[in-house]
Amino acid sequence: MVKPWFRLICKREQLQLLGTLNGGQSFRWKFIDLEGDKKWIGVFEKHVWILKQNDDEISYQVYGSDNDEKFYNNMLANYFQLNLDLKQHFAEWSSKDPIFKKAANQFYGIRILNQDLVENIFSFICSSNNNISRITSMVEKLALLFGEKICDIDGQVYFSFPPVEALAQDDVESVLKKEGFGYRAKYISESAKLITKEGVGRWLEELKTLPYEESRTKLITLTGIGPKVSDCICLMSLRHLQSIPVDTHVYQIARKFYMHSLPKRKTVTTKIYKDIGDHFRELYGPLAGFSFVLI
DNA sequence: GACGAACCTGGCTT
DNA sequence: AAAGCCAGGTTCG
């Protein structure tokens, strides 16, 4: 059955799909360019989305349920956090920071996505000390092995991200080991089991109500989640926009352009981690994490 | 409590 | 060709 095309009014300067979907925030989007017909295909919230963009709007198709344009527009606006006026904040941060200003002139419309909490917990467990292409294939495998089929488009089957309960089954670790997940197989299995033991709904709902520092600490109780992964989840799934995930890249930039006295280390220590986060929170304010996409 | 080393895997570099 | 290096860090000692 052919799905209708819907439209979401949205200026390109407020949202640029390339930078937002291809920046390593989500691992579930693919860019397709068939003879100039450019589109993005991805999965979120148990739906498959096909997105196209021009200067004034996003046109899209949705697979997975039947609903009206208004309903889906809300889902998209929520996913992209379109309530936040990016242009206004970019102007503010540019006035405070000439380095940001320079970057903002070159890049625009890059936003922090508001992603599914469970998907991000397990996707970012996969991300540590790993490369984007393998992370992507691991997330796809999790969906394929333990998720549910959403639909079939042009011979390609799409799966939703599995619920915690599915990842807490007894054979998950051995299955993932066999699938090449390495030591992260155990992290995924153990984390899913811990959440399940405490009650999936209860654990997740409590996490959503906690303030930033406390939700950060609660996430770190899971195996395979440390400071950086925890901040990714806080920023991208719990809307704690003051959270600054300090990866090696951010550390290099911070040391080179912002904090020249930062010691040179192979890995980021706890103190360095905190100092960098505090520096940018001081510089950009409570939405500092949102500026992080350009750092 | 603060470091540094070890860590699965696969792709890319010597 | 085989070894070495590295990638959105975390865990372990």
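A residue counts as near a strand if one of its heavy atoms lies within 4 Å of that strand. The model shown in these views is predicted.

**View 1. The protein surface near DNA strand C.**
The protein places 22 residues around DNA strand C; Gly 23, Gly 24, Gly 224, Gly 226 and Lys 228 come nearest. By class, this surface holds 8 nonpolar, 12 polar and 2 charged residues. Helices H5 and H12 each supply at least two of the residues. H12 gives the largest share, 3 residues. On the DNA side, 58% of the strand C atoms within 4 Å of the protein are sugar or phosphate atoms. The rest belong to bases.

**View 2. Polar contacts to DNA strand C.**
Two contacts reach bases, one from Gly 23 and one from Lys 228. At Gly 23, a polar backbone atom is 3.0 Å from a base oxygen of DNA strand C. At Lys 228, a polar side-chain atom lies 3.1 Å from a base nitrogen of DNA strand C. Val 229 meets the phosphate instead: a backbone N or O atom of Val 229 is 3.0 Å from a phosphate oxygen of DNA strand C. Lys 228 also belongs to the residues that come nearest to DNA strand C, while Val 229 belongs to the H12 side of the contact with H5.

**View 3. The protein surface near DNA strand B.**
DNA strand B is surrounded by Asn 129, Asn 131, Arg 134, Gly 180, Phe 181, Gly 182, Tyr 183, Arg 184, Arg 265 and Thr 269. These divide into 2 nonpolar, 5 polar and 3 charged residues. Sugar or phosphate accounts for 48% of the strand B atoms within 4 Å of the protein, and bases for the rest.

**View 4. Polar contacts to DNA strand B.**
Side chains of Asn 129 and Arg 134 reach bases. An N or O atom in the Asn 129 side chain is 3.1 Å from a base nitrogen of DNA strand B. For Arg 134, a side-chain N or O atom is 2.8 Å from a base oxygen of DNA strand B. Tyr 183 uses its backbone: an N or O atom there lies 3.4 Å from a sugar or linking oxygen of DNA strand B.

**View 5. Packing of helix H5 against helix H12.**
The axes of H5 (residues 117-127) and H12 (residues 227-237) come within 9 Å and cross at roughly 150°. H5 is therefore roughly antiparallel to H12. The crossing is right-handed. H5 contributes Leu 117, Asn 120, Ile 121, Phe 124, Ile 125 and Ser 127 to the contact. H12 contributes Val 229, Cys 232, Ile 233, Met 236 and Ser 237. The contact has 8 nonpolar, 3 polar and no charged residues.

**View 6. Packing of helix H5 against helix H10.**
H5 and H10 (residues 200-209) pack at about 95°, with their axes 11 Å apart. The two helices are therefore roughly perpendicular. Leu 117, Val 118 and Ile 121 of H5 meet Trp 203, Leu 204, Leu 207 and Lys 208 of H10. This contact has 6 nonpolar, no polar and 1 charged residues.

**View 7. Packing of helix H13 against helix H14.**
H13 (residues 248-258) and H14 (residues 270-284) pack at an angle of about 65°, with their axes 11 Å apart. Their crossing is left-handed. From H13 come Val 250, Tyr 251, Ala 254 and Tyr 258. From H14 come Ile 272, Ile 276, His 279, Phe 280, Leu 283 and Tyr 284. By class, 9 are nonpolar, 1 is polar and none is charged.

Methods: Residues numbered from 1 in each chain as written. Chains lettered and ligands numbered in written order. Predicted model: local features only at pLDDT ≥ 70, side-chain atom pairs only at ≥ 80, totals over all residues. Heavy atoms only, no water. Axes fitted to C-alpha atoms, helices over the stretch in contact; angles between N-to-C directions. Helix = DSSP H or I, 4+ residues; strand = E, 2+ residues; numbered from the N terminus. Parallel < 35°, antiparallel > 145°, perpendicular 65-115°, else oblique. Left-handed = near helix turned anticlockwise from the far one by under 90°. Contact = heavy atoms within 4.5 Å. Nonpolar A, V, L, I, M, F, W, Y, C, P; charged D, E, K, R; others polar. Polar contact = N/O pair within 3.5 Å; in protein donor to acceptor, adjacent residues only side chain to side chain.
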